[in-house]
Amino acid sequence: MKKTTSLTFPIAASCPACGLLCDDVILTSAAPVDLKNACAKGITFFEQSFQTGANESPSIAGKPCDLTTAIRKAADILSKSKSALFAGLGTEVQGMRAIMRLAEETNATLDHMHSDSTVRNTLTMQNGGWLTTTLAEVKNRADVILAIGTDIATSHPRFFEKTVWNTESLFNKPTPEVIYLGVPAEKTQASISPNGTKPTVIAADLDKIPEIVNALNALLVNKKLKAETVGSVPVTTLLALVDKLKAAQYLVAVWSASSFKFTHAELTIQSIVQLINQLNETSRAAGLPLNSGDGDSSVNNTSTWLSGYPTRSRYVDGKPEYDTYHFSISQQLKSCDALLWVSTFNPHPPPESEAPTIVIGHPGMRFKYEPDVFIPVGIPGVDHTGLMFRLDSSITLPLKKLRDSQLPKLSDVINHIEAALLSTDKVSLD
Ligand code: SF4
């Protein structure tokens with residue numbers, strides 16, 4: 001498993017630090033990290049990834065061991081398990097494919113670390129469908145961007161540069177107007193266009209968004225509201241917003257399910273979808289749900305195409321089952337008899353668990369309690385190649401290998417655990 005490739009700078013790379021997966025990033029030096037075209041979030045990701053002093057040795061209960069021994073121990077834990085939880089799942093397509101095979105072999109439950117957010121979108125889509133768009137459509141067609149409860153730029157810093165202000169669109173269209181609903185004015189500065197055009201900001205508390213979106217839906221079909229304000233927003237302001245939405249040639253409503261931390265946020269997302277549907281009766285409108293990160297789009301797409309379900313699923317005798325409540329990490333931690341935690345992009349440690357714990361992940365991970373097994377693996381897009389879905393799930397982009405590394409790939413480690421489960425004689429990684 002030794003990697004011997006020599007790399008020469010500059011290297012063109014895709015950045016996996018957010019769902020935009022910018023593929024114009026250029027690494028000109030690794031020590032110190034020097035990048036062209038990356039935003040501050042991307043730079044932080046690569047600096048953290050290239051940090052020296054990371055833990056490259058596998059361990060059992062905190063004691064260093066060789067990789068084969070760690071894999072045998074992990075296989076031993078899983079072989080005794082009847083209700084394993086595979087959680088975190090911070091990985092890319094190839095890593096998830098391997099995890100799915102192991103889950104099928106062990107009847108494990110699967111949940112991604114950001115599923116609390118993703119499920120809000122999934123429930124909406126499953127309930128009545130939705131009409132969403134791609135980043136290319138935003139670039140080529142959008143004339144109004146309505147950002148609901150998210151400033152967009154904090155989680156996806158180059159969104160405006162790459163799509164909204166991008167003058168290389170297919171059609172000669174004006175720069176879209178940006179309207180923020182329920183976002184503090186001080187967080188909207190990143191959307192001021194290069195020519196100085198400021199966004200329209202409709203201030204409101206985040207937890208008032210449900211009633212405001214419902215009011216917009218009512219006003220859109222000419223219902224009268226017996227109130228002067230909704231969620232502290234004057235109805236006259238909402239009426240003016242409805243006029244803008246109706247006049248748009250191609251409205252894109254953007255939201256981030258991870259910002260909607262209020263109860264039954266899926267109902268608010270349904271209301272946004274209803275707004276989009278109503279606007280489509282007379283013009284064109286589409287949604288753009290932002291992802292939460294750590295490979296969530298890649299993991300859920302891979303899971304869906306292999307089993308028919310996104311995560312919060314499990315295999316029972318080779319058949320997949322799906323339950324957004326019972327198969328969550330928090331519920332499964334109450335009863336699982338083994339935990340396999342995966343986090344390869346970031347050093348997110350596992351949640352506390354009474355069950356034997358196997359951690360496969362970022363070499364910089366640190367623990368409050370040493371897991372039974374820790375296997376540091378390569379960071380996708382830094383130590384090895386990979387594939388990731390962009391946030392709009394319309395394409396996958398290749399991740400590059402950017403340095404020589406002794407760290408194994410997650411998919412190789414998982415495949416060897418599977419082999420060890422099937423035959424204790426098959427494990428040899430040298
Ligand atoms: S916008 Fe996202 S993908 Fe692009 S460089 Fe920044 S963190 Fe990386």
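1. E161 is partly exposed, because its relative accessibility is 40%, and the cut-offs put that class between 20% and 50%. This is a predicted model, and side-chain atom pairs count only at pLDDT 80 or more. The partner of E161 is R158: their side chains meet in a salt bridge, 2.8 Å from N to O. R158 sits at 5% relative accessibility, so R158 counts as buried. The bridge thus pairs a buried arginine with a partly exposed glutamate.

2. Another salt bridge joins E321 and R314, with the closest N and O atoms 3.1 Å apart. E321 has a relative accessible area of 31%, so E321 is partly exposed. R314 is partly exposed too, at 28%. Elsewhere, salt bridges with shared partners link D24, R158, E161 and K162 into one network. R158 and E161 of point 1 therefore belong to a network.

3. How many salt bridges does the structure hold? The total is 13. One of them pairs R284 with E137, the closest N and O atoms being 3.6 Å apart. R284 is in the loop between α9 (265-279) and β14 (285-290), while E137 is in helix α5 (residues 135-141), so the pair ties together parts 147 residues apart in sequence. R284 counts as partly exposed, because its relative accessibility is 41%.

4. The largest nonpolar core has 42 residues. Those with the most contacts inside this core are F46, I145, F159, F160, V252 and L288. Why does the core lie between domain 1 and domain 2? Both domains give residues to the core, so the core lies between them. F159 shows some of the packing. Leaving out residues up to four places away in sequence, F159 touches L20, L135, V138, I152, V164 and L288. L288 also appears among the core residues with the most contacts. A second, separate core has 35 residues, including A204, L220, V230 and L241.

5. The protein is divided into two parts: domain 1 (56-114 + 295-382 + 404-426) and domain 2 (118-290). Their C-alpha centres lie 36 Å apart. The contact takes 7 residues from domain 1 and 5 residues from domain 2.

6. What area do the two domains bury between them? The value is about 430 Å², with 53% of it on carbon and sulfur atoms. On the domain 1 side, H114, Y322 and T324 supply 59% of the area buried against domain 2. No other three residues supply more.

7. Which polar links cross the interface of domain 1 and domain 2? The rule finds 0 salt bridges across it. The count of residue pairs in polar contact between the domains is 1, with both residues at pLDDT 80 or more.

8. S117 is worth a look in the viewer. S117 is found in helix α4 (residues 115-128). Is S117 buried or exposed? S117 counts as buried, because its relative accessibility is 10%, and the cut-off for buried is under 20%. Neighbours within four places in sequence aside, S117 is in contact with A257, S258 and S292.

Key. Residues numbered from 1 in each chain as written. Predicted model: local features only at pLDDT ≥ 70, side-chain atom pairs only at ≥ 80, totals over all residues. Heavy atoms only, no water. Helix = DSSP H or I, 4+ residues; strand = E, 2+ residues; numbered from the N terminus. Buried < 20%, exposed > 50% of the residue type's maximum accessible area, 1.4 Å probe, protein only. Contact = heavy atoms within 4.5 Å. Core = buried A, V, L, I, M, F, W, Y, C linked by side-chain atoms within 4.5 Å. Domains from an automatic or database assignment. Buried area = accessible area lost by both parts, 1.4 Å probe. Salt bridge = Lys/Arg side-chain N within 4 Å of Asp/Glu carboxyl O. Polar contact = N/O pair within 3.5 Å; in protein donor to acceptor, adjacent residues only side chain to side chain.
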